[in-house]
Amino acid sequence: MHCELFTSERCRSCQWLAMPYGQQLAEKQRRLAALLPAVPDDGWQPAMGSAPQGMRNKAKMVVSGSVERPLLGIADADGGVDLCACPLYPASFAPVFAVVKQFIPRAGLTPYHVARRRGELKFLLLTESRHDGAMMLRFVLRSEAKLAQLRAALPWLQARLPQLRVISVNLQPVPMAVLEGEREIVLTPDRALEERLNQVPLYIRPKSFFQTNPQVAAGLYATARDWVAALPVTRLWDLFCGVGCFGLHLCRPGMQLTGIEISAEAIASARQSAHQLGLEQVSFQALDSTQFAVQNGEAPDLVLVNPPRRGIGHDLCAWLSATAPRWILYSSCQAATLVRDLGELEDYRVCRVRLFDMFPHTAHYETLVLLERRAATPIAAG
């Protein structure tokens with residue numbers, strides 16, 4: 001992948017871009033294998049690679065420059081670098097960015113200046129559904145000062161970009177580089193984008209997490225589904241479930257599914273998907289995953305965990321060790337915390353591992369690990 005911004009050293013977000021993609025994938029696999037030396041050879045599955053460009057479904061853009069000539073991209077010492085031509089984004093993003101740059105002065109949305117603590121528009125967040133091409137655009141503002149002007153100018157924007165199905169304002173008054181605030185104001189009748197991965201309907205709302213590489217995410221969920229399909233699981237907990245991607249892929253007739261996620265927006269999406277699929281023995285609740293687990297004494301057959309980068313932590317590891325579900329399926333976006341947590345789960349052995357390259361041209365990757373309690377009869381690897 002060629003990137004002029006990388007070549008000119010104006011953006012180095014893709015630290016590994018100079019490395020051929022096949023070599024990137026091999027290096028990630030090597031690093032993961034070094035972290036998990038006890039995994040038997042037949043426990044490893046081939047790494048899943050990514051398209052090298054155009055793979056992202058979401059852009060998080062710092063807004064800088066002036067109200068007349070806004071820049072959308074990243075901040076730097078000179079005021080900002082425009083990333084509208086970033087090759088990680090699909091071709092459908094560029095015309096949206098172009099129109100939004102015209103909309104910003106129309107709505108009087110002065111870019112926020114961090115050092116001076118002046119201005120209103122901090123970030124733009126654009127998300128696209130690969131299912132139908134619909135988009136969600138979020139304006140992150142410092143306050144409500146320009147909200148009325150934005151509302152008044154919105155018909156102009158919608159007439160030129162009818163693919164913008166969801167438009168919202170997030171209020172972020174903190175004078176630091178914190179991406180989002182607590183309050184979200186949805187400006188359109190629709191509140192969610194519909195996405196479909198492996199024919200499973202999923203819904204993306206403004207404040208709910210969704211993977212940014214849909215092709216690789218579909219492979220991740222399909223792999224989890226295939227691994228669990230071979231197990232005699234009747235009760236499943238999906239902790240840190242987000243919009244329910246894992247649980248909805250894994251659930252099958254006769255299985256009881258409980259999904260737990262702290263975000264109420266994400267739980268609303270998961271419930272919408274479960275209703276559309278006609279699933280009846282399913283419960284999604286907006287709770288803290290660790291607190292939910294430790295307050296419920298009896299473990300299900302399988303506990304699936306998909307935590308943020310910090311991992312699941314000591315308390316949840318201790319609960320898992322004490323209640324001893326037969327299987328744990330762990331999806332990790334940070335291998336170091338995964339290894340730390342596995343060190344606390346001494347009664348479990350790693351049966352299967354697969355690397356998913358969600359983030360090409362960087363050192364980051366996703367790892368899926370199936371664990372089985374050591375006292376149990378071993379399952380066949382594959």
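# Annotated residues, loops and helix packing

Leaving aside neighbours within four places in sequence, Cys 333 is in contact (heavy atoms within 4.5 Å) with Pro 307, Pro 308, Arg 309, Tyr 365 and Glu 366. The model is predicted, so that local features need pLDDT of at least 70 and side-chain atom pairs count only at pLDDT 80 or more, while totals for chains, interfaces and linings use all residues. Residues are numbered from 1 along each chain as its sequence is written, and side-chain values use heavy atoms, with hydrogens and water left out.

## Annotated positions

In an unreviewed entry, UniProt places the feature "active site" at Cys 333. Such annotations may be inferred rather than shown by experiment. Cys 333 belongs to the loop between strand 14 (327-332) and helix 10. Helices (H or I, at least four residues) and strands (E, at least two) are DSSP runs numbered from the N terminus.

Under the name "binding site", also in an unreviewed entry, UniProt lists Gln 211, Phe 240, Glu 261 and Asn 306. Gln 211 is placed in the loop between strand 9 (200-204) and helix 5 (214-229). Beyond residues up to four places away in sequence, Gln 211 touches Asn 57, Ala 217, Leu 220, Tyr 221, Met 358 and Glu 366.

Asn 306 sits in the loop between strand 13 (302-305) and helix 9 (313-323). With residues up to four places away in sequence not counted, Asn 306 touches Leu 239, Phe 240, Phe 246, Ser 331 and Glu 366. Phe 240, itself listed by UniProt under "binding site", is therefore one of the residues that Asn 306 touches. Glu 366 appears among the contacts of Cys 333, of Gln 211 and of Asn 306.

## Accessibility of selected residues

The table gives relative accessible areas. Buried means under 20%, exposed over 50%, and partly exposed in between (1.4 Å probe, protein chains only).

| Residue | Relative accessible area | Class |
|---|---|---|
| Gln 211 | 5% | buried |
| Asn 306 | 17% | buried |
| Cys 333 | 18% | buried |
| His 361 | 2% | buried |
| Gln 163 | 27% | partly exposed |
| Gln 199 | 66% | exposed |
| Glu 182 | 74% | exposed |

## Residues in other loops

Gln 199 has a positive phi of about 65°, although it is not a glycine. Gln 199 is part of the loop between strand 8 (193-197) and strand 9, and at 66% relative accessibility it counts as exposed. His 361 is likewise a residue other than glycine with a positive phi, its value being near 75°. The loop that holds His 361 runs between strand 15 (348-356) and strand 16 (366-373). His 361 is buried, with a relative accessible area of 2%.

Two further loop residues are described by their partners in space. Glu 182 occupies the loop between strand 6 (164-171) and strand 7 (183-186). In sequence, Glu 182 and Lys 207 are 25 residues apart, and their C-alpha atoms are 9.1 Å apart in space. Not counting residues up to four places away in sequence, Glu 182 touches Leu 171 and Lys 207.

Gln 163 lies in the loop between helix 4 and strand 6. The C-alpha atoms of Gln 163 and Asp 132 are separated by 9.3 Å, while the two residues are 31 residues apart along the chain. The contacts of Gln 163, not counting residues up to four places away in sequence, are with Val 96, Gly 133, Ala 134 and Met 135.

## Helix packing

Helix 3 (residues 93-106) and helix 4 (residues 147-160) pack at an angle of about 155°, with their axes 10 Å apart. Axes are lines fitted to C-alpha atoms over the stretch in contact, and angles run from 0 to 180 degrees between N-to-C directions. Helix 3 is thus roughly antiparallel to helix 4. Angles under 35 degrees count as roughly parallel, over 145 as roughly antiparallel, 65 to 115 as roughly perpendicular and the rest as oblique. Helix 3 and helix 4 cross in a right-handed manner, where the near helix is turned clockwise from the far one by less than a right angle. From helix 3, Val 99, Val 100, Gln 102, Phe 103 and Arg 106 make the contact; from helix 4, Leu 150, Ala 153, Leu 154, Trp 156, Leu 157 and Arg 160 do so.

Helix 9 and helix 10 (residues 335-344) pack at an angle of about 40°, their axes being 9 Å apart. These two helices, helix 9 and helix 10, are therefore oblique to each other. The crossing of helix 9 and helix 10 is right-handed. Gly 313, His 314, Cys 317 and Ser 321 of helix 9 meet Arg 340, Asp 341 and Glu 344 of helix 10.
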